[in-house]
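Me: Hey, I've just opened this one and don't know my way around yet. Can you walk me through a few spots?

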Amino acid sequence: MGCGTSVATESQTKQSEKAMKAAVLIQRWYRRYMARIEIRRRYTWSIFQSIEYAGEQDQLQLSSFFTFMLDNFTHLGGASPDLISQFLDPTSDPMEEEGRAAKYEKIEVPDSYPGPRLSFPLTVAHTNALLRAFKQQQQQLHARYVLQLLHETKKFLKKMPNIIHLSTSYTKEITICGDLHGKLDDLLLIFYKNGLPSTENPYVFNGDFVDRGKKSVEIIIILFAFLLLYPNDMHLNRGNHEDHIMNLRYGFTKEVMQKYRSHGREILLLLQDVFSLLPLATIIDNKVLIVHGGISDMTDLDYLASIERHKFKSALRPPRMSIDSSQDEGRRQTKGQLPAQSSDGHRSISTRYSSNHLMKQSSGASSSSSSSSSLSSSIPKSHRMSDVQEKDTSMTSNGQHPLHHRSISPTGILEVPFLDSDVTITPRVPSWEEMEWKQIVDLLWSDPKNQNGCSPNSFRGGGCYFGPDVTLTLLKKYQLKMLIRSHECKQEGYELCHDGQVITIFSASNYYEEGSNRGAYIKLGPDLVPRFFQYQVSKFTRRMTLQQRVSVAEGSALKSLREKLYAHRSELIAAFKQYDTYNTGKLKLTVLDGVCESFPGTVSTSDWASAVESVLRLDLPWRTLRSRLVRLAPDGSVEYLSCFEDLHMEQPIKEVTPSLVETLYRYRTDLEIIFNMIDKDHSGLISIEEFRQTWRLFSSHLHIHVDNAAIDDLARSIDFNKDGSIDFNEFLEAFRVVHKLDSKEKH
């Protein structure tokens with residue numbers, strides 16, 4: 001009997017051991033599975049962010065070129081650049097403003113209009129009607145009411161200070177929301193979960209209400225309506241996308257013109273004023289600072305409070321500087337903070353202003369410099385002039401400083417960026433307006449980093465990277481407890497850094513792709529302990545498994561990355577061939593039947609990764625991505641041409657040379673921006689002569705030399721009905737890259 005018990009116990013032990021081994025194997029498999037999922041999730045996120053920031057760099061460089069044209073076009077011997085100045089530097093005529101203010105009253109609203117009807121002052125019934133109409137996707141708000149709402153908002157914002165001071169109470173928490181970027185569903189979900197703005201439920205929206213999403217117009221209408229309804233309980237900070245130049249690239253301008261074709265230009269002009277009047281920061285209980293982007297080592301809240309913020313309609317547009325004008329040093333001495341005096345009696349501008357805001361800087365300078373920001377500190381090779389060398393941007397001995405967007409040669413003369421020109425300009429000390437502009441740029445564009453110090457934000461191209469020491473210094477100086485900012489998409493909707501003293505909040509879920517990230521908002525009570533609330537707007541995400549969500553986002557990211565590779569095809573092939581020392585792409589094998597078979601070009605994985613990074617400069621894990629982008633040869637080397645196999649142009653035009661096709665595709669967004677500025681009536685049609693003007697601006701910006709005859713041939717070839725005008729949208733569509741797998745699915 002005892003023997004039987006022993007056998008049974010031994011059998012149970014063996015079964016337990018098998019179960020444990022099986023559990024360990026399952027656990028190992030699951031950990032490896034989750035590790036692979038995490039790797040895919042991380043590189044997907046890196047791709048999305050790198051491409052996003054590269055686009056912002058492109059926009060900053062285009063703006064830099066426009067700024068240079070505005071400041072110096074006449075000096076260079078040309079006529080006034082009306083095509084640029086009408087949009088980037090509109091004149092403020094008081095009589096014209098009064099006329100615009102009264103114009104909306106003459107706009108008739110037909111009886112058949114089914115949408116909300118507004119009267120001022122607004123009531124809760126009006127905001128409820130707006131929410132109901134937009135939620136049900138009814139007809140958009142009539143242009144008359146949009147213009148009137150913007151005029152009332154402008155009048156209200158004129159009375160607001162640069163920095164708003166709020167206080168909590170035991171019965172009232174403050175809700176803080178981050179970027180919305182035109183995602184109306186996220187805003188409606190926040191209101192559903194957290195309640196509508198009211199005297200008992202105050203809100204702070206921390207900028208970037210518009211661009212990227214398709215419902216930016218509806219979002220600003222709702223936010224401005226609640227701002228007027230509850231002026232003491234609804235607060236809006238300015239973001240870097242509350243900027244009419246950014247809106248050209250990222251969709252808001254196009255959205256306004258599509259929804260309000262007849263009155264779109266009036267709305268856009270009024271929005272320039274409204275955006276420039278938005279407050280720059282909010283402080284809660286004198287302890288919590290809320291700004292859109294971040295800070296720098298020279299951020300001065302007292303100085304910021306004195307700035308005339310409405311002068312800076314675009315943070316991408318530095319204060320206008322004429323080459324021949326002299327600086328009026330004394331006009332601002334009674335206002336704000338004055339520069340310190342150096343020992344020799346000259347004004348000494350802080351090393352922070354030694355950043356060259358709108359020009360390239362070396363990567364070494366980015367890592368070691370203590371200066372705070374650069375508005376184009378890392379320009380891709382494709383954007384750089386071959387004859388421009390790295391210049392010393394440090395302060396001169398007499399305290400002088402180079403202009404923000406120009407480079408100083410060793411001889412002390414100023415060279416013109418983006419243009420093949422021998423014109424030189426003498427550098428000068430930055431004006432008060434330039435220093436004010438710089439303070440605003442840092443607030444709207446900066447990002448935190450883990451390392452101490454303050455350096456140019458070379459990856460994004462604007463503002464600075466500020467470390468924990470910079471945060472601690474500012475918090476101690478103003479006796480603050482924490483900094484809340486937005487500006488960066490986070491996978492969980494929020495993130496803490498700098499020992500919990502800096503919080504990033506981002507409220508647009510599914511920002512890059514369906515399921516890519518959650519949105520979040522913060523609630524702050526009198527204890528000033530943040531409580532985070534997460535959400536994700538989606539009809540499909542909840543039904544998807546983790547692997548499915550990662551696969552969808554990964555597919556979208558890789559698709560965008562392949563298009564980026566295709567756009568730089570010529571440069572990449574040239575880079576690959578430098579590593580292809582044996583010219584394997586040119587080797588041919590003669591087989592028995594007399595047919596020559598070509599071998600694909602191959603390089604090692606290490607050389608392939610180095611070549612791709614040298615051209616694209618996206619700072620991505622190329623070795624990890626290799627298996628998703630290219631094919632391996634039997635010997636384990638990379639067939640570098642295989643990364644272009646699955647892509648082709650949608651509607652190739654025979655008259656266009658392959659090199660021009662690649663150029664047009666790569667810079668089609670810049671071309672569209674320039675076209676929108678030239679197309680004054682926003683008809684979508686452009687004359688052949690306007691097309692030539694577009695190309696002249698475009699080629700000057702990128703330092704691209706294309707024969708005028710080739711451009712004329714291109715213009716005539718895309719004038720399909722031969723009426724002397726070009727449908728520019730069709731033209732851009734002709735240079736759209738199609739993925740072969742996508743085209744197969746359609747058929």
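Me: How many disulfides does a search of the whole structure find?
Reply: Zero, where a disulfide is a pair of cysteine sulfur atoms within 2.5 Å. Keep in mind that this is a predicted model, where local features need pLDDT of at least 70 and side-chain atom pairs count only at pLDDT 80 or more, while totals for chains, interfaces and linings use all residues. Residues are numbered from 1 along each chain as its sequence is written, and side-chain values use heavy atoms, with hydrogens and water left out.

Me: Why is there no bond for Cys464?
Reply: Its closest cysteine sulfur is the one in Cys454, and at 3.5 Å that's too far for a bond.

Me: And is Cys464 buried or exposed?
Reply: Cys464 is buried, at 0% relative accessibility. Buried means under 20% relative accessible area, exposed means over 50%, and partly exposed is in between (1.4 Å probe, protein chains only). Cys177 is buried too, with a relative accessible area of 0%.

Me: OK, new topic. Why is strand E18 largely enclosed by the rest of the structure?
Reply: Six of the six residues of E18, which covers 519–524, are buried, so the strand is largely enclosed. Names like that come from DSSP runs: helices (H or I) have at least four residues, strands (E) at least two, and they're numbered from the N terminus.

Me: Which way do the residues of E18 point?
Reply: Gly519, Tyr521 and Lys523 point one way, and Ala520, Ile522 and Leu524 the other way.

Me: Which strands is E18 joined to by bridges?
Reply: One is E2 (residues 174–177), which runs antiparallel to E18 with four bridges. Another is E19 (residues 531–535), also antiparallel, with five bridges. For two strands to pair, DSSP has to find at least two bridges between them.

Me: What are the partners of Thr175 and Tyr521?
Reply: Thr175 has Lys523 in E18 as its bridge partner, and Tyr521 stands opposite Phe533 in E19.

Me: What's in the hairpin of E18 and E19?
Reply: There are six residues between the strands, and Leu528 takes a positive phi near 60 degrees.

Me: What does helix H6 pack against?
Reply: Its buried residues pack against several elements, including E2, E18, E19 and helix H7 (216–229). H6 itself spans 184–194, and Leu187, Ile190 and Phe191 are among its buried residues. After H6 comes Gly195, with a positive phi near 95 degrees.

Me: Switching again: how do H16 and H17 cross?
Reply: The axes of H16 (residues 569–579) and H17 (residues 605–616) come within 9 Å and cross at roughly 145 degrees. Axes here are lines fitted to C-alpha atoms, for helices over the stretch in contact, with angles from 0 to 180 degrees between N-to-C directions. Among the residues making the contact (heavy atoms within 4.5 Å) are Leu572, Ala575 and Phe576 of H16 and Trp608, Ala611 and Val612 of H17.

Me: What about Val612, buried or exposed?
Reply: Val612 is buried, with a relative accessible area of 1%. Leaving aside neighbours within four places in sequence, Val612 is in contact with Leu565, Leu572, Phe576, Arg617 and Trp622. Val612 and Leu572 are 40 residues apart in sequence and 6.5 Å apart in space, C-alpha to C-alpha.

Me: Last one: where is Glu266, and what is it in contact with?
Reply: Glu266 is in helix H10 (residues 264–277) and counts as buried at 15% relative accessibility. Apart from neighbours within four places in sequence, Glu266 is in contact with Lys103 and Leu147.
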